Amino acid sequence: MSQTKTEEPMSHRQILEALSGLLLVLFVAMVSSTIVSTALPKIIGALNGTQSQYTWVVTATLLTATASTPIWGKLADLYNKKLLVQISIVVFVVGSILAGLAQNAGELIAARAFQGIGVGGLQALVQVVIAAMIPPRERGRYNGYLGGVMAVATVGGPLLGGVIVDTSWLGWRWCFFVGVPIAVIALFVLQKTLHIATLRRDNVKIDYLGASLIAAGVSVLLIWVSFVDGSFAWLSWQTFAMVGAGLVLLALAVWVEARTAEPVVPLDIVRQRTTALSIIASLSVGMAMFGGAVFLGQYFQIGRGYTPTEAGLLTIPMMAGVLGASIVVGRLITRSGNIKPYIVAGTVILVLGFAALATIDHQTSLVYVGAAMFLVGVGVGSSMQNLVLAVQNTVPLKDIGAASSTIAFFRSLGGTIGVSVLGAVLARRVTDNITHALAAAGVPAGSGGGASNLNLNALPPAVQHIVRAAYGDATGHIFLISAGIALVGVLAAALMRPTALRSTLDLAAPAEKVPVTTR
């Protein structure tokens, strides 16, 4: 193995310049995943798509992004990180343009799947590049900017999508086109400002079999999550077949990874206490980040009757909590060098925020809802990026890509499964609430004229009120479950070992043992 370092360590100004390009492209990548949530009804209507295709426009991107994340991370440990980031940007831009030009729902789904490969690369590689530029002790304050951008993108995406589709001279295609110029600008900014050492390795071998098994196993499970409780029941032969196949594929992947020289996901890293506990905690934080935006947006629109743009504005307290906590806690970690207390505090605040949201209904004061959302935001901002930092601090620089992408992979996977499961619970509870309310009011069950519960304008006023109340009252139940799951994150954070952040990019080389001679 030969390593050539042609670049001097980057100054604070150089880091900020490179970070501007990285944060730009991370922002557009994450917005692309959330921007369609409020715009999708109009998009599918314009393309004459089906309900199944409606789901797959979202799932396709999430599926390929999640499945490709660990592969991108491993490539970053083997090849030029800057070049890989630029390749990811190009893939993302091409996918975005194809999605904007789609003429039917099938073409849109295919373009979104291709776009997801670029999104997965950017989500993993941005953190890998930051880890290659900045020592863990200094990384806290920079990770604050990273967490803030992710928060703004997650919460601001639906707001931007609503504004675009509500603006007649733009239209839904700009939901995909809007990120292209920003990504292209980021591409040129990174070319000029990003200077990191290149690690060249001889006799590199990519574990294609392990990567394929991981991608296939994750894909089968995510496809099952997308269709369960809709196309078939939780307890059905389809569930047993798909879950069984997914688990078998992942078991085979573990067997392959344990025996290959260059595993995509190094099991010795995953088995480390800090990494294992960070994975568990990341599952609950991922559910908060993804689920919070999805269900709160639906609560404001359907449960409270606000427009998509107004619903986006009402989620600002959560965005402010994540942004503020990310920056403040990041700086405190850099100053103290200790990370565990802030992760534990963040997960505890997350539970408190979810517990407060668990009490809301369709008449709850917006001030109370906003305060609870702020707590959730502070919890996410204090823990999300710092869980990645805790893992990065324990691994050598050569494994930083695999370690970072592993955490991102499980956070995305946990968020995907969590959103689907909580969505199924919400749908069942809403149906029960509407049925009982209609019966109590003496309204015939078919008085909606066959209109969907989500198409409120097509329903009679009396039924509209019942549907809104059903959604508003059922949402609290979802957050009660989220609070219970977030408690697992608290336990995982509490069990982490207190570790001081290192001030060097790489781990110190182990001291050589001096042989003991005996007479």
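Start by selecting helix α4 (81-100) and helix α8 (residues 179-193): their axes come within 10 Å and cross at roughly 165 degrees. Axes here are lines fitted to C-alpha atoms, for helices over the stretch in contact, and angles run from 0 to 180 degrees between N-to-C directions. Helices themselves are DSSP runs (H or I, at least four residues), numbered from the N terminus. α4 and α8 are therefore roughly antiparallel to each other, a label for angles over 145 degrees. Their crossing is left-handed, meaning that the near helix is turned anticlockwise from the far one by less than a right angle.

Before you go on, a word about what is on your screen. This is a predicted model, in which local features need pLDDT of at least 70 and side-chain atom pairs count only at pLDDT 80 or more, while totals for chains, interfaces and linings use all residues. Residues are numbered from 1 along each chain as its sequence is written, and side-chain values use heavy atoms, with hydrogens and water left out.

Keep α8 selected and add helix α1 (residues 12-34). The axes of α1 and α8 come within 8 Å and cross at roughly 155 degrees, so α1 and α8 are roughly antiparallel too. α1 also passes α8 in a left-handed crossing.

Now return to α4 and show the side chains of V90, V94, L98, F114 and I117. Together they make a nonpolar surface patch of about 370 Å². Such a patch joins nonpolar side chains (Val, Leu, Ile, Met, Phe, Trp, Tyr) within 5 Å, from residues with over 30% relative accessible area and no salt bridge. A salt bridge would be a side-chain nitrogen of Lys or Arg within 4 Å of a carboxyl oxygen of Asp or Glu. Areas come from the Shrake-Rupley method with a 1.4 Å probe.

Which helix gives the most to this patch? It is α4, with three residues. Click on V90, which is found in α4: at 43% relative accessibility, V90 counts as partly exposed (between 20% and 50%).

Next, select T61 in helix α3 (residues 51-78). Is T61 buried or exposed? T61 is buried (under 20%), with a relative accessible area of 2%. Add Q115 to the view: the C-alpha atoms of T61 and Q115 are separated by 6.5 Å, although the two residues are 54 apart along the chain.

For the last stop, select helix α15 (residues 340-357) and helix α18 (residues 461-495). They pack at an angle of about 165 degrees, with their axes 8 Å apart. That makes α15 roughly antiparallel to α18, and their crossing is left-handed.

How values were computed:
Patches are made of residues with over 30% relative accessible area and no salt bridge: like charges are joined within 9 Å, nonpolar side chains (Val, Leu, Ile, Met, Phe, Trp, Tyr) within 5 Å. Helices (H or I, at least four residues) and strands (E, at least two) are DSSP runs, numbered from the N terminus. Buried means under 20% relative accessible area, exposed over 50%, partly exposed in between (1.4 Å probe, protein chains only). Angles under 35 degrees count as roughly parallel, over 145 as roughly antiparallel, 65 to 115 as roughly perpendicular and the rest as oblique.
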